[in-house]
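Here's a quick walk through one protein model, with an eye on rings, charges and cysteines. Have a look at the structure first, then read on.

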Amino acid sequence: MATDPEYAVHAELNVPVETRDGVRLATDIYRPADPNTGEPIDEPKPALLDRTPYGKRGRMERHGEWYAERGYVVAIQDCRGRFDSEGEYYIFVNEPEDGYDTVEWLADREYCDGQVGTFGTSYGAWVQSALATQDPPSLAAMFVNQGAANGREATFRHNGAFELRWLCWALTLGGGFAKRALDDSELQQRLANVDVRDVLANGPVQRGQSPLRHVPDYEEWAFDIMTRGAASDELWQEPGINFEAYYDESADVPTVYAGAWYDSYTKATCDNFEALADRTESDHYLLMGPWTHGWNGYPLPSWNKPYSGELEFGEAALRDYQQVRLDFFDHYLKGTDTWADQPTVQYFQMGGGGDSRTGADSGRGAGSRTTDGRLFHGGEWRSADEWPLPDTEFTRYYAHEGGTLSIEEPPDEESSTSYAFDPRDPVPTIGGNCSSYITYEPRAESILEYPLSERKLQDITGRGGFDQRTRPDTFGAEPPYGPLEERDDVVVFRTPPLEEPAEIAGPIRVAVYGSTDGPDTDFTAKLIDEYPPSEAFPNGFAVNLCDSICRGRFRGYRDEPDLLEPGEVYEFSMEPYPTANVFAGGHRIRLDISSSNYPRYDVNPNTGGPLYGDREFRVATNTVHHDADHPTHVELPLRPG
């Protein structure tokens with residue numbers, strides 16, 4: 001039940017918070033006030049801090065007021081070099097110290113009782129983990145929603161490949177909100193008129209020639225994260241980027257790590273919880289829903305939507321984001337019992353709405369079509385004491401000759417499947433753990449023509465669960481449109497139709513034993529829940545659950561690049577993001593293997609050239625091996641029964 005407001009709100013805007021190097025960060029302060037007089041109350045209250053690069057007004061302002069009405073001092077701050085704050089912006093690098101200084105500044109105000117909690121989504125989650133590496137004495141609790149763990153391993157770079165969402169972000173939400181752009185109307189219009197689709201189609205972009213050349217410091221960090229791949233590079237050891245390296249010295253305070261199965265940070269959220277719950281004495285919680293990344297309804301995440309992409313989960317999937325956070329802070333900052341019964345781990349088990357073996361679903365059973373055309377996948381909330389779940393049966397499903405997937409190990413005879421991978425014709429991305437693949441639609445006169453919460457954006461890749469088939473609006477797809485599995489460069493392995501449901505929940509691992517005829521290439525893996533044909537969906541429905549990639553030169557999670565020997569067989573290890581799904585009876589468990597997933601990841605030119613920017617391309621002959629000596633497989637976290 002939603003908590004009713006108790007106070008009026010007194011706002012003080014653009015309060016300067018001076019950091020240790022003299023930079024002043026603009027901060028809006030919302031305080032509980034007397035409902036009759038509007039004057040701020042004298043009694044000190046706990047403070048909540050939200051730091052953002054996207055502007056602290058609009059919906060951010062409204063949620064500041066919402067918590068102030070319920071008895072909190074709320075500080076919403078523009079990050080360094082953004083909007084009204086001073087200083088130069090370099091993505092994430094200054095956030096640890098700036099966050100620490102702001103926490104301690106807040107705790108020292110006469111209207112604060114000395115306790116400071118933090119909250120925020122996406123970038124607002126990054127900055128919480130960043131300041132936690134500095135262990136500020138007054139930090140009392142954190143609600144980290146959809147944030148990172150290690151920027152090199154699975155955020156900027158994903159197992160060696162670059163996540164192009166960060167280039168898209170730099171061109172839109174990044175460069176568009178640079179102080180220089182905000183102060184220059186001509187530059188605003190230039191950036192507002194950038195069509196990310198054109199940039200990607202004509203890529204790779206070149207330094208000094210990208211739309212970001214008008215904001216040189218932003219172009220610098222964009223190319224830094226695209227081209228600097230070795231772990232020894234000091235960029236990847238910054239406490240604002242690689243939290244894993246600072247786990248042992250991070251703050252030990254009650255923390256919720258919240259995320260979603262189709263979020264950009266699914267693995268990072270689970271990794272943070274798993275590592276810090278074991279290291280710390282304070283209570284730590286994991287909450288995972290079936291949603292997508294938080295920009296749907298910014299700044300609130302997708303908790304208020306019962307669907308992700310083309311999948312519908314039902315009303316059970318909905319959660320009241322504001323109230324959940326309030327219950328947590330009330331418990332740990334005010335001593336109420338509003339969080340006393342919260343399980344340590346709470347997750348949404350997707351699927352399992354019914355048995356589809358007959359191919360004839362009706363009503364709201366799994367596989368039925370909703371009124372807006374989505375597939376009803378269903379699901380329910382589950383709880384546990386730890387993650388990964390303690391009774392998980394990690395089970396390998398092996399690839400076999402002929403495209404089968406089975407728990408039986410492959411035979412001794414040499415067996416393989418080859419295909420041509422042309423980097424100029426990559427496999428298109430259709431949904432998944434995507435965010436920031438956006439462009440403005442229609443073109444705007446100014447980057448600030450619409451508030452961010454009302455911005456007219458076009459999603460390039462889609463996000464969430466989608467039937468894995470191209471359509472006219474699929475970025476990079478050419479007619480004839482159809483299932484990705486029909487492409488010559490997609491190798492498909494699937495189980496026979498399941499006689500009984502198979503339930504998974506936890507981390508996923510894939511090992512592809514592959515070879516190529518050149519110095520470098522990629523291998524990709526995608527886990528799919530394959531619905532059989534039905535009256536609602538005559539062609540069936542191939543639901544993408546999670547995916548991953550491995551860049552050959554960084555195979556085995558190596559820190560330094562090491563190019564491939566043509567013809568040699570290597571193990572390409574991948575960790576598709578964790579998930580929780582029920583494969584219903586009659587469904588097939590499917591593993592798609594290829595060498596590209598674009599524009600989710602940048603495309604390997606197969607030349608062994610620079611990580612980004614190589615304009616030479618070669619067609620690679622790639623081979624997936626599936627025999628006893630080279631057992632390509634996916635390891636699934638099966639649940640008992």
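## Charges over rings

Lys334 lies over the face of Tyr72, 4.1 Å from the centre of the ring. Keep in mind that what you're looking at is a predicted model.

There's an arginine to look at too. Arg374 places its charged end over the ring of Tyr307, at 3.7 Å from the ring centre.

## Ring against ring

How many aromatic pairs does a search of the whole structure find? The search turns up 43 aromatic pairs. One of them is formed by Phe223 and Tyr612, and it's edge-to-face, with 6.5 Å centre to centre and 75 degrees between the planes.

That pair links distant parts of the chain, with the two positions 389 residues apart. Phe223 belongs to helix α9, which covers residues 216-227, while Tyr612 sits in the loop between β28 (588-594) and β29 (620-627). Are these two residues buried or exposed? Phe223 is buried, and Tyr612 is buried as well.

## Cysteines on their own

If you go hunting for disulfides, a search of the whole structure gives you 0. Take Cys434: it's in no disulfide, and the nearest cysteine sulfur, in Cys168, is 10.0 Å away. Cys434 is also buried, at a relative accessible area of 0%.

Why does Cys546 have no bond to Cys270? The closest cysteine sulfur to that of Cys546 is the one in Cys270, and because the two are 11 Å apart, they're too far for a bond; the cut-off for a disulfide is 2.5 Å between the sulfur atoms. Cys546 is buried too, with a relative accessible area of 2%.

## The whole chain

Zooming out, the protein chain has 11 helices and 31 strands. Its radius of gyration is 24 Å, close to the 26 Å that the globule rule gives for 641 residues, so the chain is as compact as a globular protein of that length. Taken along the principal axes, the C-alpha atoms fill a box of roughly 80 × 55 × 45 Å.

What about burial and contacts? Of the 641 residues in the protein chain, 64% count as buried. Looking at contacts between residues at least 6 apart in sequence, 77% join residues at least 24 apart. As for the outside, the accessible surface of the protein chain is about 23,100 Å², and 43% of that belongs to carbon and sulfur atoms.

Terms used: Residues numbered from 1 in each chain as written. Predicted model: local features only at pLDDT ≥ 70, side-chain atom pairs only at ≥ 80, totals over all residues. Heavy atoms only, no water. Phe/Tyr/Trp six-rings, centres within 6.5 Å; stacked < 30°, edge-to-face > 60°. Helix = DSSP H or I, 4+ residues; strand = E, 2+ residues; numbered from the N terminus. Buried < 20%, exposed > 50% of the residue type's maximum accessible area, 1.4 Å probe, protein only. Lys NZ or Arg CZ within 6 Å of the ring centre and 35° of its normal. Rg over C-alpha atoms; globule rule 2.2 N^0.38 Å. Contact = heavy atoms within 4.5 Å. Areas by Shrake-Rupley, 256 points an atom, 1.4 Å probe, with all protein chains shown as cover.
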